[in-house]
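Me: I would like to go through this model carefully, one question at a time.

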Amino acid sequence: MSAESPLGAFFNVTPVTAVQRPEIEKPVQELPLTEPTPEEARAVEAVFAQQQESQVVAGLLGIWTSALVLHDLAVETFSAPADEDNRRRKHKKDESEDPSL
């Protein structure tokens with residue numbers, strides 16, 4: 001290859017400068033923290049008490065998924081391998097075509 005490039009006009013000759021991001025001011029908390037009222041505390045407890053329902057749903061989904069996996073495993077374990085199944089079909093087909101047996 002030659003030292004001269006036919007695309008020399010397309011090269012960027014200007015130096016690359018890094019773009020500085022402006023500093024972001026962190027928000028300042030304007031309200032002081034206060035103790036929650038008993039009503040607010042009861043409301044928070046009521047919200048977190050509902051999580052038990054979601055845990056029950058997650059448990060039921062886990063049981064259902066386990067049953068599906070167990071079923072697939074049982075079908076795979078107790079079914080004949082594919083090559084044996086093909087041989088049986090071929091053997092039955094041969095028997096039905098050959099009346100001398």
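Me: What percentage of the 101 residues in the protein chain do buried residues make up?
Reply: This is a predicted model, in which local features need pLDDT of at least 70 and side-chain atom pairs count only at pLDDT 80 or more, while totals for chains, interfaces and linings use all residues. Residues are numbered from 1 along each chain as its sequence is written, and side-chain values use heavy atoms, with hydrogens and water left out. Taking buried as under 20% relative accessible area, exposed as over 50% and partly exposed as in between (1.4 Å probe, protein chains only), the buried share of the 101 residues is 0%.

Me: Does helix α1 lie largely in the open or largely buried, and why?
Reply: Helix α1, counted as a DSSP run of H or I with at least four residues and numbered from the N terminus, covers residues 38-49. Because the number of buried residues among its 12 is zero, α1 lies largely in the open.

Me: Where in the protein chain is confidence highest?
Reply: The pLDDT, the predictor's confidence in each residue from 0 to 100, has a mean of 79 over the protein chain, with 78% of residues reaching 70 or more. Where pLDDT is low, the predicted coordinates should not be read in detail. Confidence is lowest in helix α3 (residues 82-97), at a mean of 72, and highest, at 90, in α2.

Me: What is the relative accessible area of V57?
Reply: V57 belongs to helix α2, residues 51-78. V57 counts as partly exposed, because its relative accessible area is 44%.

Conventions: Helix = DSSP H or I, 4+ residues; strand = E, 2+ residues; numbered from the N terminus. Expected span 1.5 Å × (residues − 1).
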